[in-house]
Amino acid sequence: MITYKRATSDQELQEILAIQKRNLKAVISLQEREEQGYITIPHTFEILKKMNDACPHILAMDGDRVAGYALVMLRSFKYEMPILIPMFETADRLLKGKNYVAMGQVCIDKPYRGQDVFKGMYTFYKVALSDSFDCLFTEVATSNIRSLEAHKRVGFKILETQITDGTSWEIVNWDWNE
């Protein structure tokens, strides 16, 4: 049975990195990218831990095993990963006056896909953070159709399309007050 919680240990962070490594766009086939989606940006343990210490990540757990994760990234991390600066600048412009949190990345480990883990993690994300934030903001590569459709099903709305370093991104937001 899948349960949901906030990340609390270095072991859980290492499991996030292992899932991430197996699902990076650069290491999976084109067919798998099209059918299953992919993640774009690798994290280091140091940045993942720093983010988690500031606001713990969301985990889907199968017993003591991480089955999926949704990273929590506060606005204060805008400059920690330079590749994400355009995303945060866009959020600051589009969500002026809103206290938002960024979803830094989401991934379900392959054995757990198709079991509503994605929806479960986002439901938990909202419950855990909606008292502190107005909305959840992220970007999804336009070519990552599976991920984009999954985000829309949860409640995200496309705000804008943005091209960054030759990649087209859908800027999406889930307003928790609507």
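# Helix α1, strand β3 and an aromatic cluster: questions and answers

Analyst: Let's start with helix α1, whose buried residues pack against β1 (2-6), α3 (45-54), β2, β3 and β4. Packing here means contact, that is, heavy atoms within 4.5 Å. The model is predicted, so local features need pLDDT of at least 70 and side-chain atom pairs pLDDT 80 or more, while totals for chains, interfaces and linings use all residues. Residues are numbered from 1 along each chain as its sequence is written, and side-chain values use heavy atoms, leaving out hydrogens and water.

User: Which residues of α1 are buried?

Analyst: They are Glu-12, Leu-13, Glu-15, Ile-16, Leu-17, Ile-19, Gln-20 and Asn-23. Buried means under 20% relative accessible area, exposed over 50%, and partly exposed in between (1.4 Å probe, protein chains only).

User: What makes the span of α1 agree with the expected one?

Analyst: Helix α1 covers residues 10-23, and its 14 residues should span 20 Å at 1.5 Å a residue; the end C-alpha atoms are 20 Å apart, so the two agree. The expected span is 1.5 Å times one less than the number of residues. Helices (H or I, at least four residues) and strands (E, at least two) are DSSP runs, numbered from the N terminus.

User: Why is strand β3 described as largely enclosed?

Analyst: Of the 9 residues in β3 (residues 65-73), 8 are buried, so the rest of the structure largely encloses this strand.

User: What makes β2 and β3 a pair, and how many bridges join them?

Analyst: Strand β2 (residues 58-62) meets β3 in the antiparallel sense over 5 bridges, and pairing asks for at least two DSSP bridges. One of the partnerships is that of Ala-60 with Gly-68 in β3. The two strands form a hairpin with 2 residues between them, and Gly-63 in the turn has a positive phi of about 65°.

User: Which way do β3 and β4 run, and how many bridges join them?

Analyst: They run antiparallel, with 6 bridges linking β3 to β4 (residues 100-108). Gly-68 appears here again, opposite Ile-108 in β4.

User: Why does Asp-116 count as exposed, and what stands out about its phi?

Analyst: Its relative accessibility is 58%, so Asp-116 counts as exposed. Although Asp-116 is not a glycine, its phi is positive, at about 65°. The residue sits in the loop between β4 and α5.

User: Following that loop onward, which residues of α5 are buried?

Analyst: Val-117, Phe-118, Gly-120, Met-121, Tyr-122, Tyr-125 and Leu-129 are. Helix α5 (residues 117-129) has 13 residues and reaches 18 Å from its first C-alpha to its last, close to the 18 Å expected. Gly-120 counts as buried because its relative accessibility is 15%.

User: How many aromatic pairs are there, and why is Phe-118 with Tyr-122 called edge-to-face?

Analyst: The whole structure has 7 aromatic pairs. In the one you mention, the ring centres of Phe-118 and Tyr-122 are 4.9 Å apart and the planes meet at 75°, so the pair is edge-to-face. Rings of Phe, Tyr and Trp (its six-membered ring) pair with centres within 6.5 Å; planes under 30 degrees apart are stacked, over 60 edge-to-face, the rest tilted.

User: And why is Tyr-122 with Tyr-125 called tilted?

Analyst: The ring centres of Tyr-122 and Tyr-125 lie 6.0 Å apart with planes at 40°, so this pair is tilted. Both residues belong to helix α5 and are 3 residues apart, about one turn of the helix. An α-helix has 3.6 residues a turn, so residues three or four places apart point the same way.

User: How do you know that both tyrosines are buried?

Analyst: Tyr-122 has 1% relative accessibility, so Tyr-122 counts as buried. Tyr-125 is buried because its relative accessible area is 0%.

User: Which residues share their aromatic cluster, and what does Leu-136 touch?

Analyst: Phe-118, Tyr-122, Tyr-125, Phe-156, Trp-174 and Trp-176 form one cluster. Leaving aside neighbours within four places in sequence, Leu-136 has contacts including Tyr-122, Tyr-125, Phe-156, Trp-174 and Trp-176.

User: How many residues does the largest nonpolar core have?

Analyst: It has 62, and those with the most contacts inside it are Tyr-69, Met-73, Val-101, Tyr-122, Tyr-125, Leu-136 and Trp-176. Such a core is a set of buried Ala, Val, Leu, Ile, Met, Phe, Trp, Tyr and Cys residues joined through side-chain atoms within 4.5 Å.

User: How many disulfides are there, and how far from Cys-55 is the nearest cysteine sulfur?

Analyst: There are 0 disulfides. For Cys-55 the nearest cysteine sulfur, that of Cys-135, is 14 Å away, whereas a disulfide needs two cysteine sulfur atoms within 2.5 Å. Cys-55 does count as buried because its relative accessibility is 9%.
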